[in-house]
Amino acid sequence: MTVRRSRSVPELVALAREGDHRAVARLITLVENGDELLPEIAAALAPHTGQAQVIGLTGSPGVGKSTTTNELVRQLRKQGHRVGVLAVDPSSPFTGGAILGDRVRMQDHATDPGVYIRSMSSRGHLGGLGAATPQAVRVLEGAGCDVVLVETVGVGQAEVEVASLADTTLVLLAPGMGDAIQAVKAGILEIADVFVVNKADRDGADNTYRDIQGMIGLGERGPGEWRPQVVRAVASKAEGISDIVAAVDKHRAWLVEHGELRRRREKRAAAEVEAITLGALRARMASFREGTTLGELAAAVAAGELSPYAAADRLLATLEIEN
């Protein structure tokens, strides 16, 4: 499909807002590919963004993130919400595409016009999210989704980035997987707004629940600060899903009451602007590598004629002149 530069973006955004899934898919594909239309897309979407509730889900592989997401979508649809799902999967080393394909595991909602599900590749990006995920969230917001679920690759030392993207972060745990220790190691205690002990019908679920409650109790928090909720669920049987939604709603009410929702969103916007700016600077740096400026400065540093800091200052001065 050839994108007509002059009017295709407004048309795509209009179609997306009318519920055209192909238009939404096209916009997200342009975002993922870093298309030159990206600034125009962002400008067209801006008036329609900033209202959706963004919920992040993370947890160790095998805890049931996709099953829980599937059931959360069902519950949210019962409440009349229009729901978008971004399932960020590991990347194929051959194609760069998503290799788990969460859409395959969420076919229950495939024919529901009020649900849009997209598997995105992390493309090697640290933090468990793809670099294009924030813009993809904006596409779903602009397309009229009032709740956006972002399911991450997994959880680990570096994979806590979802907390910077979401209004509310759910961390899924399961008995018998050493999740209590994992929570301490990965710093999950700091990012979780709601803990979900999934597969709560298994042996050891009560121990996992107590361990997490105990660790929350050890955390320091001031008066009025949010205390993470701990919820039991068996997503494969659709049990405890309403409790998860209730905990999310309770957290959202707290966010609004304490002005934290606005602060989180402003912080998220600042990080997004910073990332775009750094991306532009990296592109400029790439052009310097191909030219003579950086090479001359590098030669001077290597010869001991210039310190690396002085060289960096000169390079920055060059960037300022060109701007």
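**Helix packing and nonpolar cores in the predicted model**

Val9, Pro10 and Val13 of helix 1 meet Glu40, Ile41, Ala44 and Leu45 of helix 3. In this predicted model, the two elements, helix 1 and helix 3, pack with their axes 10 Å apart and at an angle of about 45°. Helix 1 and helix 3 are therefore oblique to each other, and their crossing is right-handed.

Helix 1 also packs against helix 2, in this case at an angle of about 130° and with the axes 8 Å apart. That angle makes helix 1 oblique to helix 2. The crossing of helix 1 and helix 2 is left-handed. On the side of helix 1, the residues involved are Leu12, Val13, Leu15 and Ala16, which meet Ala23, Val24, Arg26, Leu27 and Leu30 of helix 2. Val13 thus appears in the packing against helix 3 and in the packing against helix 2.

The largest nonpolar core comprises 30 residues, and Val24, Ile28 and Leu140 touch the most other members of it. At least two residues of this core are supplied by each of helix 1 (8-17), helix 2 (21-32), helix 3 (38-45), strand 2 (83-89), strand 3 (115-121), helix 5 (133-142) and strand 4 (147-151). Helix 2 gives the most, with six residues. Val24, one of the residues that touch the most other core members, is also among the helix 2 residues that meet helix 1. For Ile28, with neighbours within four places in sequence left aside, the contacts are Leu86, Tyr116, Arg118, Ala136, Val139 and Leu140. Leu140, one of these contacts of Ile28, is likewise listed among the residues touching the most other members of the core. A second core, separate from the one just described, contains 25 residues, including Val85, Leu149, Leu172 and Val248. In soluble globular proteins, nonpolar side chains tend to be buried together.

At the level of the whole protein chain, the secondary structure comes to 13 helices and seven strands. Of the 323 residues of the chain, 46% count as buried. The exposed surface of the protein chain is about 16,200 Å², of which carbon and sulfur atoms supply 54%. Among contacts in the protein chain with a separation of 6 or more, 74% are accounted for by residues 24 or more positions apart.

A further helix pair is formed by helix 4 (residues 65-78) and helix 10, whose axes come within 10 Å and cross at roughly 75°. That crossing makes helix 4 roughly perpendicular to helix 10. Thr68, Glu71, Leu72 and Gln75 of helix 4 make the contact with Ile241, Ser242, Ile244 and Val245 of helix 10.

Two residues of helix 9 were examined individually. Ala205 lies in helix 9 and counts as buried, at 3% relative accessibility, the cut-off for burial being under 20%. Ala205 and Pro175 are 30 residues apart in sequence, yet their C-alpha atoms are 4.9 Å apart in space. When neighbours within four places in sequence are left aside, Ala205 is in contact with Pro175, Val197, Lys199 and Ala200. Ile216 is also found in helix 9, which spans residues 205-218. With a relative accessible area of 0%, Ile216 is buried. The C-alpha atoms of Ile216 and Val230 are separated by 9.4 Å, and the two residues are 14 apart along the chain.

Two loop residues have backbone angles of note. Most residues other than glycine have a negative phi. Lys199, one of the contacts of Ala205, has a phi near 55°, a positive value in a residue other than glycine. Lys199 is placed in the loop between strand 6 (194-197) and helix 9. Ala238 likewise has a positive phi, near 60°, and is a residue other than glycine. The loop that holds Ala238 runs between strand 7 (229-232) and helix 10 (241-257). With a relative accessible area of 43%, Ala238 is partly exposed.

How values were computed
Residues are numbered from 1 along each chain as its sequence is written. This is a predicted model: local features need pLDDT of at least 70, side-chain atom pairs count only at pLDDT 80 or more; totals for chains, interfaces and linings use all residues. Side-chain values use heavy atoms; hydrogens and water are left out. A nonpolar core is a set of buried Ala, Val, Leu, Ile, Met, Phe, Trp, Tyr and Cys residues joined through side-chain atoms within 4.5 Å. Buried means under 20% relative accessible area, exposed over 50%, partly exposed in between (1.4 Å probe, protein chains only). Helices (H or I, at least four residues) and strands (E, at least two) are DSSP runs, numbered from the N terminus. Contact means heavy atoms within 4.5 Å. Accessible areas come from the Shrake-Rupley method with a 1.4 Å probe; for residues, only the protein chains shown count as cover. Axes are lines fitted to C-alpha atoms, for helices over the stretch in contact, and angles run from 0 to 180 degrees between N-to-C directions. Angles under 35 degrees count as roughly parallel, over 145 as roughly antiparallel, 65 to 115 as roughly perpendicular and the rest as oblique. A crossing is left-handed if the near helix is turned anticlockwise from the far one by less than a right angle, and right-handed if clockwise.
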